[in-house]
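This report looks at charged side chains and how they pair. The sequence and structure come next.

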Amino acid sequence: MSIAPAMLSNRTFDELAIGDSASMQRQLTQQDIHLFAIMSGDINPAHLDAEYAAATQFHGVIAHGMWGGALISAVLGTRLPGPGTVYLSQTLKFRSPVRVGDQVNVTVTVSAKDEAKRRVTLACSCVNQHGQTVIEGEASVLAPTEKVERPAATLPEVRLLAANGLPQLLQHVLPLGPIRVAVVHPCDALSLGGALDARSAGLIDPILVAPRAKLEAVAAAAGLSLEGIAIEDVPHSHAAAARAAAMGGQGQVQALMKGSLHTDELVSAVLNAEAGLRTKRRLSHCFVMQTPAYPRPFIITDAAINIAPTLEQKADIVRNAITLAHAIGVEQPRVAILAAVETVNPAMPATLDAAALCKMADRGQITGGLLDGPLAFDNAVSAAAALTKGIHSPVAGQADVLLVPDLESGNMLAKQLEYMGDAATAGVVLGAKLPIVLTSRADSRETRIASCAIAVLLAHHFRNNPP
């Protein structure tokens with residue numbers, strides 16, 4: 001993007017000569033498209049819906065045509081002729097689409113002057129980084145007669161905030177009806193309150209698997225009512241995990257929800273062969289996140305279960321993430337396999353794993369999604385960054401799934417997005433015969449409810465597509 005001048009000055013009619021020109025450069029971002037849609041009210045899915053746009057003749061999201069027209073107006077009003085110019089008419093021909101990441105050079109050139117009417121005609125063009133003319137036309141303006149020089153205005157910073165996704169998620173999920181959930185050892189106010197909130201939201205029909213006396217004491221201290229809620233009385237957290245896993249294996253519940261016990265306790269019980277919950281896949285955790293800086297929800301995996309996954313384990317982590325993406329409505333998720341760089345380097349095992357996973361997808365060993373990697377984080381989520389580095393792929397810049405190299409990097413990435421990037425979050429474990437809601441003690445009420453909503457989608461998905 002070109003930097004606006006600190007001072008704005010104009011060229012009067014008498015100062016203008018045929019052939020005078022001025023230019024500015026602008027790189028199209030996803031935020032530009034969203035801001036233009038907000039300002040204009042033009043919510044054509046060709047500009048805002050990646051899935052719809054992929055099926056059009058343009059094979060992807062493109063800018064509104066008048067976004068380029070607005071750039072021409074900016075050159076006329078700030079550079080040539082500049083302040084005091086009165087826009088009279090404009091013709092435009094749209095030659096090629098402008099895509100996110102394209103660098104557009106906007107030029108206006110004086111082509112004619114009408115001395116009697118003090119009018120100026122200017123040829124206008126927008127040319128992309130490949131030298132293609134994307135827009136061309138002609139403007140007629142009333143040029144200023146007096147010299148103007150003023151400091152450029154300082155514009156306020158505009159930050160796009162994603163609409164609160166929780167109401168939209170609930171609106172989609174509630175018609176499916178609540179699912180039966182074994183809530184494992186919810187023996188603190190946060191986990192018990194989260195289960196009751198999900199019940200009140202119409203998402204789950206909970207069975208509290210925990211010591212009854214301890215549950216009742218927690219409820220009394222927190223002012224929570226257990227009236228009408230089933231309780232499976234067990235002596236301690238280990239017994240709660242075993243009993244809940246057995247209930248899942250016997251089909252008595254459609255999901256498990258972690259309470260105040262340690263994650264390892266619950267995972268060990270799920271993996272116990274006697275529980276009957278194991279599948280051929282490895283267990284893995286998925287964060288479903290929505291952040292103001294990205295146009296759609298995305299998945300980060302694995303940031304909670306597998307510490308340093310092998311290639312074979314990463315393949316299962318990808319398969320689980322693709323299953324989750326299908327359940328939440330993404331028909332062909334784009335999976336970015338993250339590393340520190342976007343090239344294969346034998347000294348960096350994450351890049352070798354990425355290349356191998358992509359070849360496994362080519363051979364049909366991983367299906368249901370599009371894989372690309374290694375990709376650095378910026379190339380995975382920014383089309384502009386990918387374009388700058390010459391990366392051309394259906395995944396780069398628009399990933400639905402981010403596969404991290406290990407738990408530490410994934411956990412840090414997810415928590416940075418949540419605490420410093422205003423991301424809304426939900427968490428769930430896949431790889432068993434039913435979804436497992438895995439939340440942290442630090443999670444908000446909204447996160448717990450959203451996680452249960454994701455579990456509802458998965459439970460209904462598994463009815464038709466058993467894991």
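## A pair between two loops

In this predicted model, E342 and K389 are joined through their side chains by a salt bridge, with 3.6 Å from N to O. E342 sits in the loop between β14 (334-338) and α11 (349-362), while K389 sits in the loop between α13 (383-388) and β16 (401-403), so the salt bridge ties together parts that are 47 residues apart in sequence.

Both ends of this pair fall in the middle class of accessibility. E342 is partly exposed at 26% relative accessibility, and K389 is partly exposed at 42%.

## A pair within one helix

K359 and D362 also form a salt bridge, and their closest N and O atoms are 3.7 Å apart. The two residues are 3 residues apart in helix α11, which means that about one helical turn separates them.

How exposed is each partner, K359 and D362? K359 has a relative accessible area of 42% and is partly exposed. D362 has a relative accessible area of 55%, so D362 counts as exposed, the cut-off being over 50%.

## A pair with a buried acid

D20 and R11 make a salt bridge in which the closest N and O atoms are 2.6 Å apart. D20 is buried, because its relative accessible area of 18% is under 20%. R11, at 28%, is partly exposed.

## A network and the total

Salt bridges can also link several residues: R296, R334 and D400 form a network of them. The count for the model comes to 16 salt bridges. In general, side chains of opposite charge can pair when their charged atoms come close.

How values were computed: Residues numbered from 1 in each chain as written. Predicted model: local features only at pLDDT ≥ 70, side-chain atom pairs only at ≥ 80, totals over all residues. Heavy atoms only, no water. Salt bridge = Lys/Arg side-chain N within 4 Å of Asp/Glu carboxyl O. Buried < 20%, exposed > 50% of the residue type's maximum accessible area, 1.4 Å probe, protein only. Helix = DSSP H or I, 4+ residues; strand = E, 2+ residues; numbered from the N terminus.
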